[in-house]
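Please look at the model shown here and consider how its chains are related and what lies between them.

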Number of protein chains: 2
Amino acid sequence: MYFWCVVKLSIIGTGNVAFHLAKAFSQAQGVKLQFVAGRDSEKLRTFEGFTTTLDLNKELEETFYSDVILIAVSDASIAAVSQKLIESKALIVHTSGSAAIEILDQNKHCGVFYPLQSFSKEKELVYKEIPFLIEAKLQGDLMILKDLTKSLSASYFTVNSKDRAALHLAAVFSNNFTNHILTEAKQLCNDHKVSFELLKPLMLETVQKAFSIGPENSQTGPAKRKDTPTINKQLSALKSAEQKELYALLTQAIQNHYER
Amino acid sequence: MYFWCVVKLSIIGTGNVAFHLAKAFSQAQGVKLQFVAGRDSEKLRTFEGFTTTLDLNKELEETFYSDVILIAVSDASIAAVSQKLIESKALIVHTSGSAAIEILDQNKHCGVFYPLQSFSKEKELVYKEIPFLIEAKLQGDLMILKDLTKSLSASYFTVNSKDRAALHLAAVFSNNFTNHILTEAKQLCNDHKVSFELLKPLMLETVQKAFSIGPENSQTGPAKRKDTPTINKQLSALKSAEQKELYALLTQAIQNHYER
């Protein structure tokens, strides 16, 4: 791939998103990862293999030399961090799913670079399968964000803040909530000393079906078919109050949904 | 593959499991699908391409010639159907996840043949990726059930009724509940006219991670990191009372889980 010039990119933040983006951009063509800055010196140490690390508690004079600065911190800290970058001429971009672009309004060149994926330090990512939701007020800035996704071999979708917040909320349901349900399912398997691994084909099929024929056409099970004896048997087999509550609410939700 | 003889198999039931097993066994090597019997003549018609269909409301004299009879009906009907088969010398097997083998106690040769997978008529199945949980009281009967899974190129696991019920309960969590959550996620996308398809890589990664590093090590999101401003923003963005209730309960469940 040919890039007309190298983008000098820096990252502020030391969480999972910062870690994976720093790792990926440190190896990406067409990008020079200039520095990663953070407040926590312990966490910063894990970034030393990728680039220079800087203490965010001090002045960040080095930002002067960056073309793009990615703010990959918690939503609550974005405003405070961007405040430190008011003098910067760089394109200032946050990586949040739910924060609006307006949070960066004090920066003329601002944008959003949100990877719609779940990041854990332990797990490698396949970037070509990650959709990045990007947004910028100026066309030239949007071009730079597109080039950044290309340098990662990822795909991009230009999405405004309102739609991104909706997708982020849907992602909380899809990823966070289903992951917790899988946590409870694994606990049930462990309690009975049966292999959680046996459920993997079922889960992969669940996802494949949800995106081929639609989840609304894939619902099966005791709740959908109103099999009250099985529902009662399963409710009484559950030991933890939380599992009972989850079971009852989701069973009710499924029944309400298909009664409508 | 070599089979010492052909197993003469019949199926009672006209639901999704009966449909997929009838289709698969009608094409399987080493198995002769003798008949499918059901009470609903309309539903029975969809089985006509696979084999002879019989009216379950009448006497089933043809069962005399079967080696194995699969009862693929709702749990509540298994006992009544098996009652009709008391005179049969065949191996009588049900396909339920939660019913114990004892429900077939009146038949000397009895067993369980439970595919741990979700069946929808619209979606083709890849049998080699389906684990069948099998159970029988006699070793010879168990051998026949193993041969049946081999004729489908599927894998089998010998599991007793108690452990199978636990796996079925975990499957209700994994499949039924996550599918409903995906239904709500799709609804959120539709409400905001954003593409549900964008969530597919996230969902596939969610499942891959749950079975590689474990769901307990994969939890991320506002609930896990106790990001109250985002939680409140998302709660107020939800319009339906049911979505709010699901969001609140699952958020609370995640927070309780990681506080323990």
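The paragraphs below go from the symmetry to the interface, and then to the salt bridges and an annotated domain.

This is a predicted model, in which local features need pLDDT of at least 70 and side-chain atom pairs count only at pLDDT 80 or more, while totals for chains, interfaces and linings use all residues. Residues are numbered from 1 along each chain as its sequence is written, chains are lettered from A and ligands numbered from 1 in the order in which they are written, and side-chain values use heavy atoms, with hydrogens and water left out.

Chain A is superposed on chain B by a rotation of 180° with 0.0 Å of shift along the axis, at an RMSD of 0.0 Å (a least-squares fit on the C-alpha atoms of residues with pLDDT of at least 70 in both copies). That is the relation of a two-fold axis. The C-alpha of chain A nearest this axis belongs to A:Thr178, at 2.6 Å from it. Both copies use the same surface, since 100% of the contact residues of chain A recur in chain B, where contact means heavy atoms within 4.5 Å.

The contact draws 90 residues from chain A and 90 residues from chain B. About 8800 Å² is buried between the two chains, and carbon and sulfur atoms give 68% of that area; buried area is the accessible area (1.4 Å probe) that two parts lose on being put together, summed over both. In chain A, the residues that lose the most area to chain B are A:Phe173, A:Leu198 and A:Phe211, together 9% of what that side buries.

Across the interface of chain A and chain B there are four salt bridges, each defined as a side-chain nitrogen of Lys or Arg within 4 Å of a carboxyl oxygen of Asp or Glu. One salt bridge joins B:Lys123 to A:Glu205 (3.5 Å, N to O). Another salt bridge joins A:Lys186 to B:Glu216 (3.0 Å, N to O), and this pair crosses between chains, from helix α5 of chain A to the loop between α6 (200-212) and α7 (228-237) of chain B. Helices here are DSSP runs (H or I, at least four residues), as are strands (E, at least two), numbered from the N terminus.

UniProt, in an unreviewed entry, lists residues 130-253 of chain A as "domain: DUF2520"; its positions are given in the numbering used here, feature names are shortened, and annotations may be inferred rather than shown by experiment. This span is 65% helix and 8% strand, and its end C-alpha atoms lie 31 Å apart.
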